[in-house]
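Here is a colleague's note to read alongside the structure, written as numbered points. Please keep the model open while you go through them and look up each residue as it is named.

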Amino acid sequence: MNLPNLKEAKVRTKNKTLIKYDDYIIPKAIENIGKNKTFHIITYGCQMNVHDSENIKAIMEDLKYQETSDMKDANVIILNTCAIRENAHNKVVGMLGRIKHLKQENKNLITILCGCMAQEEVITNLIKSKYKWVDIVLGTHNIHKLPLYLEKIVNEHKQDIEVYSIEGEIYENIPVKRDSKYKAYVNIMYGCDKFCTYCIVPYTRGKQRSRLLEDIVLEVEQLVTSGYKEVTLLGQNVNAYGKDLNLGYNFADLLREVAKTQISRIRFVTSHPWDFTDDMIDVIKNYNNIMPYIHLPLQSGSNRILKLMNRKYTKEEYITLYNKIKEQIPNVSITTDIIVGFPGETDEDFNDTLDLYHLLKFDLAYTFIFSKREGTPACKLKDETPLEEKRKRLASLNEVVNKYALEHNKKYVGRDVFVLLEDYSDKDNKLMGYTDTMKLVNVKASDEYLGKIVKVKITEAKTWSLEGELHD
Ligand code: SAH
Ligand code: SF4
Ligand code: F3S
């Protein structure tokens, strides 16, 4: 048993990150522990969590468990959770209620809670007192040890909480079972050291730790060999890639090296507006396989609020960067994240955000109401704006977001674009995929086009997607 500790989670030392190439092992004694058994996994949160779930799936299959899409049938249920906002919490609590019933019917069912919520003291305390039937609580730093915890639970039938509030290390040999055959997530770094005052991620994911450039390039090369068309380089703040390594290379250098592989499409998330260099803009501009799409979270258009958020840039600096990117990279699309109702946000602050949105006219924005996260500095700030008012602000912002999203999409009608057809669309027997600029397109095409980058003529624009036809 090892419980998280918020104070320890804040610590950042100068200690070098250890990179381990052989820490994931499956002892012989348990290599068939999952034979004729199934697991069901539910994933919440960001791409990093989705990718962690891809690791967990592969670990379970190494133990001979098989994945099932039917939760009621499963021998093991895994909840990979997100802690970013209160509603992410609530979803998990609701799901725990459903799983409790299954557990009552089947005493042998093994339940596992992992991911960012597991790293929170409030959650492990709750699990210990109210959810004693949850078998394993597993943090974000020790996924590779899942086989050992499973063995323990099978033998001892006693709740086991294994969460470490440490800066973290890098494990290079964790297996992965990717959800897609065509596009892949590639972690380039873990953790975050930015400590934006509202955000829980630096506490749940540990310090910023970059993977070695050669390890990343090797992974991309292997993906190319396996037929992958697209990689998305993942990090909470990719621009800061390499700074912790002190090996003389940075994110622009990494992008350049990845671009020299034969991979057709390269994306990356997330870029913090702070330390977005001219060199990065140059590389994105100069390589055709780096997609002209940048997610550049703004958070607020008020300098006062940006300061309280510890975002380390001003509205004016953001505008300068935004314009530079637009001028330098032809056809670029830029999306953003915005938080409304940060503690102390006045009507005037919010109007600054709206005004800035009208000025910049983003392709799209993901908008959120501020959510108090236990242990973050913003949690202690006085917050007098009623929720009702925050909801109104969110609705009026979303109206503006949708208006510009549709305007941008309309510009595509009649144009030819390249789309990587990656899956079936929800409707009309169509396939779906994204343009280089990350616009979702539904296309009437047969299965044989799955996994191919095709030329599509856009016929119709909606707020959130485009409709298109295959070019002959
Ligand atoms: N690392 C990324 C963001 C990761 S979290 C970055 O810095 O850009 C994704 C988004 O969730 C953030 O951009 C922010 O807009 C939102 N978010 C994070 N913490 C939040 C909180 N406490 N309340 C509301 N929204 C939050
Ligand atoms: Fe959170 Fe800020 Fe780090 Fe993004 S950069 S993960 S918002 S602390
Ligand atoms: Fe959520 Fe953790 Fe990602 S808090 S957004 S799953 S890093």
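**Notes on the predicted model**

1. A loop runs between strand E13 (265–269) and helix H9 (278–286), and Thr-270 lies in this loop. The peptide bond that joins Val-269 and Thr-270 is cis, with omega at about 0 degrees. As with everything below, please bear in mind that this is a predicted model.

2. For the overall layout, the domain assignment divides the protein into domain 1 (6–162), domain 2 (173–410) and domain 3 (416–470). Between the C-alpha centres of domain 1 and domain 3 there is a distance of 35 Å.

3. Where does ligand 3 lie with respect to domain 1 and domain 2? Both of these domains give residues to the shell around ligand 3, so the ligand lies between them. The residues that make up its surroundings are Cys-46, Asn-49, Cys-82, Ala-83, Ile-84, Cys-116, Val-201, Arg-205 and Gln-236, and by class the shell holds 6 nonpolar, 2 polar and 1 charged residues.

4. Ligand 2 has around it Cys-192, Lys-194, Phe-195, Cys-196, Tyr-198, Cys-199, Val-201, Pro-202, Gln-236, His-272 and Arg-311. Sorted by class, this shell contains 7 nonpolar, 2 polar and 2 charged residues. A reader who compares the two lists will find Val-201 and Gln-236 around ligand 2 and will find Val-201 and Gln-236 around ligand 3 as well.

5. The largest nonpolar core has 63 residues, and the members that touch the most others are Leu-233, Tyr-241, Phe-251, Val-258 and Ile-325. If neighbours within four places in sequence are left aside, Val-258 is in contact with Ile-216, Val-217, Val-220, Val-231, Leu-233, Ile-263 and Ile-266. Apart from this core lies another, of 28 residues, which includes Leu-79, Ile-123, Ile-127 and Val-134.

6. Helix H5 (residues 146–156) has as its buried residues Leu-146, Pro-147, Tyr-149, Leu-150 and Ile-153. Because they cover an arc of only 165 degrees around the axis, they are on the same side of H5. It may help to recall that an α-helix has 3.6 residues a turn, so residues three or four places apart point the same way. The buried residues of H5 pack against helix H2 (47–62) and against three strands, E5 (110–115), E6 (136–138) and E7 (160–162). After H5 comes His-157, which has a positive phi, near 50 degrees.

7. Two further residues deserve a look for their backbone angles. Lys-64, in the loop between H2 and strand E3 (66–67), has a phi near 80 degrees, which is a positive value in a residue other than glycine. Asn-310, in the loop between helix H10 (303–308) and helix H11 (315–328), is not a glycine either, yet has a positive phi of about 60 degrees. Are these residues buried or partly exposed? Lys-64 counts as partly exposed because its relative accessibility is 38%, and Asn-310 is likewise partly exposed, with a relative accessible area of 25%.

8. Finally, please look at Arg-393, which is found in helix H13 (residues 387–410). With a relative accessible area of 5%, Arg-393 counts as buried, since the cut-off for that word is under 20%. Apart from neighbours within four places in sequence, the residues in contact with Arg-393 are Val-340, Glu-345, Thr-346, Asp-347, Phe-350 and Thr-385.

Definitions and conventions
Residues numbered from 1 in each chain as written. Chains lettered and ligands numbered in written order. Predicted model: local features only at pLDDT ≥ 70, side-chain atom pairs only at ≥ 80, totals over all residues. Heavy atoms only, no water. Domains from an automatic or database assignment. Near = heavy atom within 4 Å. Nonpolar A, V, L, I, M, F, W, Y, C, P; charged D, E, K, R; others polar. Core = buried A, V, L, I, M, F, W, Y, C linked by side-chain atoms within 4.5 Å. Buried < 20%, exposed > 50% of the residue type's maximum accessible area, 1.4 Å probe, protein only. Contact = heavy atoms within 4.5 Å. Helix = DSSP H or I, 4+ residues; strand = E, 2+ residues; numbered from the N terminus. Arc of directions from axis to C-beta.
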